[in-house]
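Work through the exercises below with the sequence and coordinates open. Each task is followed by its solution.

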Amino acid sequence: MREEHLQDILRHMPAGVATLQGPELRIGFVNEPMRAVLGNGATEGQTVAENPGAIPTDLLEVMGQVYESGRPYVAKAYRLPLLVAGQEAPTPHYFDIALEPVREGGGPVSGLLLFAVDVTMQEEARQRAHELAIETRRLDTRLRVLTETVPQITFTIDAEGKHEYVSPQWYYFTGQPPTADLAAIWPLLIHPDDRLRVLYQSETARTAGIGWNYEYRLRRHDGQYRWMLSRALPELHAPNKPVFWHGALTEIHDQRELAEALRRGEAELRFLADSIPELIWTATAEGFIDYYNQYTGDYTGLTTEELGPTGWIALLDPSEQAGAARRWVQSIATGAPYEGLFRMRRHDGRYRWHIIRARQLADARGPRWFGACTDVDDQHRLREVLQTQYDELARTNRDLDTFVYTASHDLKQPLLNLRGLFDELRRTASFSDPQEGQIVKMVDEALRQLDLTLQDLAATVQDQRGLSAPNESLDLRSVADEVLLGLRSQVQESEATVELDFTAAPTLTYGRANLRSILHNLLSNALKFAHPDRPPHVVMRSTLAGPDKPVLTVQDNGLGMNLADGPAQPFQPFARQHPEIPGAGVGMYLVQRIITSRGGHLEVDSKVGEGTTFTVNWFEA
């Protein structure tokens, strides 16, 4: 009865209890907490080795050794992986394991008493405390390294004003030895003009239990006084009583000098702005004007108060005020530069044209606007006069082009009549003049030259009208093939070889009519001025001289030409180097004019008897 009562007590114990009998350590009594360790399959009479549950091999070996030696053993916070209900994988638990040998009547060991107390929560708390201690030491070390490497002097002061800690930067800056009494030496290093104020502010802050923030001059190791910024905050302990002040000293000497220089510079800029004969003003980030220079008052006849925060808008012509204000509000909202041409009222009531510009400057003080109103009334009126004259010249030029074009067409019919009469006269009339053949040839050549001249005049005027042709992306090979198709008969008659290489720069943004005219004149001239001793060989190549700088070269092996020295244009209208070859002398002049009018230039390299190379730089750098 007593044994059953004891077992009932052991079953309800929160710790695991089991009896292991004999040298085989057969399971006898097992309470419920111990079944979590041995497993639900542990039954009476089984050996622990047959059903170890969560007990690892090393613990089984220790059990055998305890049984043999008869000495008890305790393992603290022993880790055992247990499979908890609802979990797929075992989780680690920690137990205090006690192995107690059992002897009956003082005889030899007959078994073991196994105790297992779950100390998982205590062990995990201990481990967390250990990890926190390690992290605290690590952070403390890092904080110490940071405070000793930043370019500041850090310090800790107690409520009595005694320095508990000061970083090594203090000794580097002041040149004082580490053995110096900080409480005694610190006031002596403060500039005499700042000493009383600093001591009073420091003591007042400690008495009130608040932090401080003030500037003063501190003597450096070289004897020079440097401006310092001292900041500190209190460390409060219960009941809200400050015990320590932690702070830093930051050298701000250069910033103070820079601020002083900026103040001087601002004064000088204001003086300069007042001296400029333009309306200069500045505005806040919201667009309200907070400064006008002196000239603005002289020009408008109004004071700064009368002008107000939006004064220049009120000075504009009433018909322009609403549009100018909308654009100003849009610039304020987006930060985009403001620029416009408006009529502004002068002090005598006259409205004059002004260019009003404003730009936003964003710096540490925030965005601000800087603007100017420039009087351009004289230039504006002069521009209107020049524009009128330009329009008249352009109209006259168009009339001249129309006249030349019309005249060249109107002269064609009389030329055809003259050609017909001459052919009829040559067919029906006879002359006894011995120079008859030469005279007929000269007249025929003159008529042919007149016909070519009229054709070239018409083509020149037509191309001149095409100088303003719209740009489009053109395939150079496609345009060159079109031109060569029109020159097919000349190529075949002269047995010419034409090589096209547009690999490096296959396309060009240009006017189509202009490009066809340029390629036609360059290729036709290469065929026309061929050397009589060899068939023409023409190479047309497109390359890139740099980013967005396409270049076209046309090289031939023809007659070549003499080039004049100096910066003069190499081609002039109706100028010819080979008069024995038919032509009017306007083709290359027209090419040169088209290229120049579109922002490029033409280069020529030639040797008489060897050939010519034309280089077309489509666009200037």
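**Exercise 1.** In this predicted model, find the order of the strands in the five-stranded open sheet and name its edges.

Solution. The order is E12-E11-E15-E14-E13, with antiparallel pairing. Strands E12 (289-292) and E13 (338-345) each pair on one side only, which puts them at the edges. From one strand to the next the twist averages 25°. Within the sheet, E14 (residues 351-363) and E15 (residues 366-375) pair over 10 bridges; glutamine 360 faces tryptophan 369 of E15.

**Exercise 2.** Identify the strands touched by helix H12 (residues 318-334), then describe the salt bridge of glutamate 320.

Solution. Helix H12 packs on the sheet and touches E11 (279-283), E13, E14 and E15. The direction of H12 makes about 150° with that of E13. Glutamate 320 forms a salt bridge with arginine 343, with 3.2 Å between the closest N and O atoms. The pair links H12 to strand E13, across 23 residues. Buried means under 20% relative accessible area, so glutamate 320, at 14%, counts as buried. Arginine 343, at 27%, is partly exposed.

**Exercise 3.** Determine how glutamate 123 and arginine 126 are placed in helix H4 (residues 120-149) and classify their exposure.

Solution. Their side chains meet in a salt bridge (2.5 Å, N to O). The two residues are three apart in H4, and therefore separated by about one helical turn. Glutamate 123 is buried at 9% relative accessibility, whereas arginine 126 is partly exposed at 48%.

Key: Residues numbered from 1 in each chain as written. Predicted model: local features only at pLDDT ≥ 70, side-chain atom pairs only at ≥ 80, totals over all residues. Heavy atoms only, no water. Pairing = 2+ DSSP bridges. Helix = DSSP H or I, 4+ residues; strand = E, 2+ residues; numbered from the N terminus. Axes fitted to C-alpha atoms, helices over the stretch in contact; angles between N-to-C directions. Contact = heavy atoms within 4.5 Å. Salt bridge = Lys/Arg side-chain N within 4 Å of Asp/Glu carboxyl O. Buried < 20%, exposed > 50% of the residue type's maximum accessible area, 1.4 Å probe, protein only.
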